[in-house]
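Reader: I would like a close look at a single part of this model, namely the aromatic rings and the helices that pack around them. Could you take me through that part in one connected account?

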Amino acid sequence: MLPCALEPRGPRAGKMAFQFNFSIEEKAENELETLGDTALQLESAQPALNPGRSTEKSKEISSEENVVHKDSVCAHEATPKTTDPVANCSPGKSQVQVLPKKRAGFKVAKEHNIPGDFSKVLENKVMDTVQGLYYVNISVVEMTLSNDSHEEDIVSKSISSHSDLITGIYEGGLKIWECTFDLMDYLSKAEMQFINKTVLDLGCGAGLLGILALKRKAEKVHFQDYNRTVIDEITLPNVVANWTDGGGDGGISEPSSKKHKKADLIQALMSKCRFFSGEWTEFSQLLLSGNKPFSKYDLILTSETIYNPDYYSALHDTISKLLDKNGCVYLATKAHYFGVGGGVHIFEKFIEERNVFRTRTVKVI
């Protein structure tokens, strides 16, 4: 895993930072050396959850008009997203489907209301744990959603298409992709400071990166995913569960005073959070034109969001608009995504052509 940083170009450059995670196969080592980057090796953060993964590498990038650091990198070159609830790297088993282009990635953005009764958020949810955090069992959620008529109906569409990615319809948020664990591990080992920081978990899915920031005393954390089903059924329940010891008391009644204390704690926590769904350009417009006060993000955390080059422009513009001039982005990603064509090198080239950010790899696995 190797972090990477982007720094602003030109005399007006501030201290914006953009960092991401990605992994590169052994054969990519020469490319890193040619670029003058130091390649570090790191063992997999989640060997049990990601069987068969090899040592990964990452690299840094720097720019000059907004600083962005890359910090954790995960996955092999040519590693697709898979269908496992907690996705592992399985080269040669791509489950990606790209439908004919229409208006790629378009979905109107909305902000999700935080429910008044948090206990209902966790109804019918089964919880698992990873790296000390609770998250809903995604297989159970998928089973529940497949049996009900749901507004987006992304589960049945994913099943019928035999795909975890359907451009413009479903963008993989029901899975937890492995680079998320690598970035979490990196942020923990680097002792990243979140106190008084405003954080965005971009393309959040399960929201584990944002939850980690909340656990580390971030001042505000916003969660964004393409699909509203993901926010309602996965992200929001995960946030609640991590402040209710996994979502319940195991059938044992609690003293009234303890229940009130827990309710007050969750209410205080939720006052720090906002939840959004929709395409990135629509999301940034919603934030910037909304009635609620908005301050730009000190940290943007994102994992496996550069798999499709068609989305690079929206991603780049969103970061440029929402990141504070002294901010930093951490991106975790694979070297290459079969089936959609994205990956580290093509994204770095895109960044260089835009001439806004300078990137650098900070960690290689």
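Author: Rings of Phe, Tyr and Trp, the last taken by its six-membered ring, are said to pair if their centres lie within 6.5 Å. In this predicted model, ring pairs of that kind link Trp-280, Tyr-307, Tyr-311 and Tyr-337 into a cluster, and a search of the whole structure finds 9 aromatic pairs.

One of the pairs lies between Tyr-186 and Tyr-330, whose rings are tilted, with 6.3 Å from centre to centre and 40° between the planes. This pair links distant parts of the chain, since Tyr-186 belongs to helix 4 (residues 179-189) and Tyr-330 to strand 14 (residues 323-334), 144 residues apart. Tyr-186 is buried, with a relative accessible area of 15%, and Tyr-330 is buried as well, with a relative accessible area of 5%.

Returning to the cluster, Trp-280 and Tyr-311 form an edge-to-face pair, 6.5 Å centre to centre and with 90° between the planes. Because Trp-280 lies in helix 8 (residues 280-289) and Tyr-311 in the loop between strand 13 (297-303) and helix 9 (312-322), the pair ties together parts that are 31 residues apart in sequence. Trp-280 counts as buried at 11% relative accessibility, and Tyr-311 counts as buried at 8%.

The helix that holds Trp-280 also packs on helix 9: the axes of helix 8 and helix 9 are 8 Å apart, at an angle of about 20°. An angle under 35 degrees counts as roughly parallel, and helix 8 and helix 9 are therefore roughly parallel to each other. Their crossing is left-handed, and the contact is made by Trp-280, Thr-281, Phe-283, Ser-284, Leu-287 and Leu-288 of helix 8 together with Ala-314, Leu-315, Thr-318, Lys-321 and Leu-322 of helix 9. Trp-280 thus appears both in the ring cluster and in this helix contact.

Helix 9 has a further partner in helix 10 (residues 344-354), the axes of the two coming within 11 Å and crossing at roughly 55°. Helix 9 and helix 10 are therefore oblique to each other, and helix 9 passes helix 10 in a right-handed crossing. Here Tyr-312, Ser-313, Leu-315, His-316 and Asp-317 in helix 9 meet Ile-346, Phe-347, Phe-350, Ile-351 and Arg-354 in helix 10. Leu-315 is thus listed among the helix 9 residues that touch helix 8 and also among those that meet helix 10.

How values were computed
Residues numbered from 1 in each chain as written. Predicted model: local features only at pLDDT ≥ 70, side-chain atom pairs only at ≥ 80, totals over all residues. Heavy atoms only, no water. Phe/Tyr/Trp six-rings, centres within 6.5 Å; stacked < 30°, edge-to-face > 60°. Helix = DSSP H or I, 4+ residues; strand = E, 2+ residues; numbered from the N terminus. Buried < 20%, exposed > 50% of the residue type's maximum accessible area, 1.4 Å probe, protein only. Axes fitted to C-alpha atoms, helices over the stretch in contact; angles between N-to-C directions. Parallel < 35°, antiparallel > 145°, perpendicular 65-115°, else oblique. Left-handed = near helix turned anticlockwise from the far one by under 90°. Contact = heavy atoms within 4.5 Å.
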